[in-house]
Structure formats: C-alpha cells, structure tokens
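Q: Could you take one helix pair in this model and walk me through it closely? I'd like the geometry before anything else.

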Amino acid sequence: MTQPVSRISVPAALALGSAALGAAFASGLFLGRWFPPWRSRREKSLLPPEDSPLWQYLLSRSMREHPALRSLRLLTLEQPQGDSMMTREQAQLLANLARLIKAKKALDLGTFTGYSALALALALPPAGCVVTCEVDAGPPELGRPLWRQAEEEHKIDLRLKPALETLDELLAAGEAGTFDVAVVDADKENYTAYYERCLQLLRPGGVLAVLSVLCQGEVLQPKPQDKAAQRVRNLNERILRDARVHISLLPLGDGLTLAFKI
Ligand SMILES: C[S@@+](CC[C@H](N)C(=O)[O-])C[C@H]1O[C@@H](n2cnc3c(N)ncnc32)[C@H](O)[C@@H]1O
C-alpha cells in the first residue's frame with residue numbers, strides 16, 4: 001500500500017519549519033535542552049537593566065563617587081573592553097567594607113585602568129597601601145593621571161608582572177596574614193590559585209572579594225570549551241565548602257562573592 005502523498009507545497013513546508021524553529025527558540029526548547037524563555041534575559045544579570053528607572057534611582061540615591069574616580073570610570077568606558085571594569089556599586093561596597101574593618105593594606109588582582117585600586121586607595125588611611133597586579137602596562141598608565149588627581153597615587157603600588165608571581169613574592173617576604181582586603185578580578189585561569197594565596201595573605205577578619213563569579217550565567221552549565229566558566233564554577237563549589245571563611249554571593253555586576261576569613 002502506498003503512503004498518502006503530502007499535499008503541502010515546498011515553500012509552505014519551509015515556512016512552517018522556520019516558524020516551528022522560531023517557536024522552539026522562543027520557548028527555549030531546542031536540541032532536547034529546555035530553557036525557560038526568559039533564561040538569557042534573566043540569567044545574564046539578575047538585576048534590572050542599568051538604564052531602568054528603578055536602577056537609576058538606586059544609583060542616584062547611593063553612589064558617592066569621588067570626582068576623580070568618576071572621571072576614571074568615564075575614561076575607562078571609552079576604552080576597548082572598558083566594561084571589564086568593576087561596577088561603581090561593587091567598588092563602593094568594597095571600599096565601605098575596607099573602611100568598616102579599618103583596612104590599611106589591600107591587594108587588587110587585575111588593575112586594568114585602576115578603578116578598583118583607586119576606590120580602595122580612597123578608603124584607606126594616608127599610610128595605607130594597595131598592591132595592584134597587572135600584566136598589561138597600557139591601561140594603568142592611562143588611569144595614573146587620575147590616581148594623581150585624587151592625590152592617591154602614592155598609595156597605589158603597581159606590580160607589572162603575572163599576579164601569581166607577585167603573590168608568591170609577598171608570601172616569600174613573610175607578608176602572610178598582613179593584608180586586610182583582597183580583590184580577585186584578573187584572569188580566570190588562575191582564580192583558584194589566587195583565592196588560596198589571597199586567603200593566606202589575609203589576616204583573620206580580612207575580606208576576600210571574587211568578581212565575575214556568575215560568568216554571565218555560564219556557570220549553570222558551562223560549555224565543554226568554556227574553561228573559564230568551568231574554573232569559576234569549581235571555585236564557587238570550593239568556596240561553598242570552605243570552613244575557613246564565612247561567605248555571601250551577591251548578584252551585583254556579574255556576581256560578587258565575599259569571603260570573610262575566620
Ligand atoms: C577585569 S579586568 C580588571 C578590572 C579592574 N579590577 C577594575 O575594576 O577596573 C582584568 C585585568 O586583569 C589583567 N590580567 C590578566 N591576566 C593577568 C595576570 N596573570 N596577572 C595580572 N593581571 C592580569 C588584564 O590585563 C585586565 O586588565
């Protein structure tokens with residue numbers, strides 16, 4: 001017995017096929033994986049978009065950005081990859097934590113133009129020091145005039161070499177347990193090594209901040225080729241089980257873990 005011949009024309013079949021594909025994407029059903037339709041919107045950032053009236057209200061009622069810090073942020077945003085700078089509310093929170101614990105010594109891994117370094121320097125007393133680590137000499141030199149304008153340049157100790165080398169030098173120099181704050185915001189390849197060394201360098205009661213711990217949602221299901229997200233995911237598991245720290249994971253920026261050394 002012969003099968004009934006389909007009465008549908010080729011263009012109509014193509015139109016139906018693409019409509020079905022579109023619907024599958026829209027509902028998040030594709031190739032056997034189910035994602036809710038809001039996944040990409042909701043999980044890239046857990047917060048409202050920066051230009052939403054409510055977020056603008058929150059920023060306008062909370063930010064107290066030093067004029068030089070503001071100039072540095074605006075200058076940085078004009079640069080390629082300027083948005084890799086931490087957000088102003090993250091920087092202000094870290095600066096406030098530094099003030100709260102009366103920090104004198106801070107570590108900053110990943111200087112870029114120095115937005116985080118300058119925010120920390122402004123929170124430290126006159127004899128305070130931020131050791132900031134960078135491999136690329138260009139961005140810090142762009143930011144340096146604004147460190148100077150803020151009269152904080154003397155507190156910012158830029159180490160131009162891989163951050164792991166600087167951390168090992170600090171440990172070898174007997175500086176374990178002497179830092180009050182550490183901020184991990186450099187290459188993800190070394191995130192776990194940075195976490196372990198920074199924890200050694202911090203004093204009990206010190207604060208360790210790890211940036212970008214949500215990897216724009218990729219931590220949920222890192223693709224096999226996305227080693228960075230896989231590494232961050234592993235570090236998040238490690239921190240969760242780490243009895244040496246109390247923790248919080250805040251949905252600020254691309255996710256900010258705070259680990260308080262016990
Ligand atoms: C996310 S940006 C840092 C942003 C900065 N904390 C801020 O708030 O503006 C990361 C920086 O880490 C630097 N970096 C990458 N690998 C590094 C390494 N092995 N050691 C030190 N810095 C590194 C990059 O050159 C880049 O400038």
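What is the hand of the crossing where α5 passes α6: left-handed or right-handed?

A: The crossing of α5 past α6 is right-handed, with the near helix turned clockwise from the far one by less than a right angle (anticlockwise would be left-handed). Bear in mind that this is a predicted model, where local features need pLDDT of at least 70 and side-chain atom pairs need 80 or more, while totals for chains, interfaces and linings use all residues. Numbering starts from 1 along each chain as its sequence is written, and side-chain values use heavy atoms, leaving out hydrogens and water.

Now the numbers for the pair. Helix α5 covers residues 88-100 and helix α6 covers residues 115-123; their axes come within 8 Å and cross at roughly 30° (axes are fitted to C-alpha atoms over the stretch in contact, with angles from 0 to 180 degrees between N-to-C directions; helices are DSSP H or I runs of at least four residues, strands E runs of at least two). That angle makes α5 roughly parallel to α6 (under 35 degrees is roughly parallel, over 145 roughly antiparallel, 65 to 115 roughly perpendicular, the rest oblique). On the α5 side, the contact is made by Arg88, Ala91, Leu94, Ala95, Ala98 and Arg99; α6 brings Tyr115, Ala119, Leu120, Leu122 and Ala123 (contact means heavy atoms within 4.5 Å). Sorted by class, the contact of α5 with α6 has nine nonpolar residues, two charged ones and no polar ones (Ala, Val, Leu, Ile, Met, Phe, Trp, Tyr, Cys and Pro are nonpolar; Asp, Glu, Lys and Arg charged; others, including Gly, polar).

Let's zoom in on one member of that contact. Alanine 123 sits in α6, and its relative accessibility of 12% is why alanine 123 counts as buried (buried is under 20% relative accessible area, exposed over 50%, partly exposed in between, with a 1.4 Å probe and protein chains only). If you skip neighbours within four places in sequence, alanine 123 touches Ala95, Ala98 and Arg99. The C-alpha of alanine 123 also lies 8.8 Å from that of lysine 102, with the two positions 21 residues apart along the chain.

Next, a residue from another helix. Arginine 73 belongs to α4 (residues 67-77) and, with a relative accessible area of 9%, is buried. Again leaving out residues up to four places away, arginine 73 is in contact with Glu65, Met85, Arg88 and Tyr115. Arg88 and Tyr115 also appear in the contact between α5 and α6.

The helix α4 has a packing partner too. α4 and α7 (residues 138-149) have axes 9 Å apart, at an angle of about 170°, which makes α4 roughly antiparallel to α7. Here Ala68, Ser71, Leu72 and Leu75 of α4 meet Leu142, Gly143, Leu146, Trp147 and Gln149 of α7. The class tally for α4 with α7 is six nonpolar, three polar and no charged residues.

To put the pair in its setting, the chain has ten helices and nine strands. Of its 262 residues, 42% are buried. Among contacts in the chain with a separation of 6 or more, 69% come from residues 24 or more positions apart.
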